[in-house]
Amino acid sequence: MDQTKKTQLQKVAMMVNRQSNQDQSGHDFGHIRRVVLNAQLLLEKEKKADAFLVLLASYLHDSYDEKLVKDVDLAKSQVRKDLVEQVDLTNEQVTAVFDIIDHVSFQHSLNSEDQLPLNTQIVQDADRLDAIGSIGIARAFRYGVTHGNVDYDEQIPPRQADEITPENYHDPQPILNHFSEKLFKLENLMNTKTAKKLAKGRTKIMHDFVDEYIAEYRGER
Ligand code: ADP
Ligand code: NI
């Protein structure tokens, strides 16, 4: 990657850092930084991808998320303005980055079977990898505590896939239910080979954690 692009990426990193470090919902700059690291790891094997666009989208993937901003269109046009005026990206580059971001979220893929373009596949894998493993456990608890959810409730079983809709997806649930409802499923949804391999190890860690939690809860060990 040429020096101009590296400098542009640094500017974007600083821009996103300024905007995301107040976040309490699991989308702080720590998350962004790890998604970028995951994407870099995947890019080592995916030589056909456009590394510049993938890394830009990794940095910016939460910058106008409907969960995080009041007005998505307004946030989107503000981000575009910043990228054009402060980072010197072309409008075409911004459009390509937004196109990646618009297709990465879990909810979008709930009702779409379409094969995503490689750049999008990588950002989606990088984002999903940060939801699983030890980091995934920590993030689930941070999310659950912030939303006032209990750790575990024997009386409330996890919902089956056909009971979960985009509308009820964010309803309050015991934190441990989130593992069966979403986190254990991500391994199979990974697009790239490298992400599948990483997801396998991370998923085992979560299974061990949940099994151990329930055994301790029941006083079995
Ligand atoms: P994203 O689209 O980035 O996954 P979410 O808001 O769904 O955004 O998730 C942010 C983090 O919070 C993720 O690590 C996710 O696993 C966790 N999370 C989301 N919903 C729940 C929930 N109901 N219980 C526990 N953790 C959750
Ligand atoms: Ni994310």
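**Ligand and metal sites in the predicted model**

An oxygen atom of ligand 1 lies 3.3 Å from an N or O atom in the side chain of Lys67. The structure described here is a predicted model. Two further side chains approach ligand 1 through N or O atoms: for His178 the separation from an oxygen atom of the ligand is 2.8 Å, and for Tyr169 the corresponding value is 3.5 Å. Taken alone, ligand 1 exposes 530 Å², of which the protein buries 95%. The space that ligand 1 takes is the largest pocket.

The residues around ligand 1 comprise His27, Lys67, Arg139, Ala140, Tyr143, Tyr169, His170, His178, Lys182 and Leu183. Classified by residue type, this shell contains 4 nonpolar, 3 polar and 3 charged residues. Helix H8 (residues 133-146) contributes 3 residues, the largest share of the shell around ligand 1.

A second site holds the nickel ion, ligand 2. The protein donors of this ion are His31 and His61, each through NE2, together with Asp127 through OD. These donors lie 2.1 to 2.2 Å from the nickel ion. Along the chain, the donors follow the spacing H-x29-H-x65-D. His31 belongs to helix H2 (residues 29-43) and Asp127 to helix H7 (residues 118-129); the pair therefore ties together parts that are 96 residues apart in sequence.

Technical notes:
Residues numbered from 1 in each chain as written. Chains lettered and ligands numbered in written order. Predicted model: local features only at pLDDT ≥ 70, side-chain atom pairs only at ≥ 80, totals over all residues. Heavy atoms only, no water. Near = heavy atom within 4 Å. Polar contact = N/O pair within 3.5 Å; in protein donor to acceptor, adjacent residues only side chain to side chain. Areas by Shrake-Rupley, 256 points an atom, 1.4 Å probe, with all protein chains shown as cover. 1 Å grid on protein atoms, 1.4 Å probe; cavity = no way out; pocket = protein on both sides within 12 Å on 5 of 7 lines; lining within 4 Å. Sits in = over half its atoms within 2 Å of the grid points. Helix = DSSP H or I, 4+ residues; strand = E, 2+ residues; numbered from the N terminus. Nonpolar A, V, L, I, M, F, W, Y, C, P; charged D, E, K, R; others polar. Donors = N, O, S within 2.8 Å, 3.2 Å for Na, K, Ca; no water.
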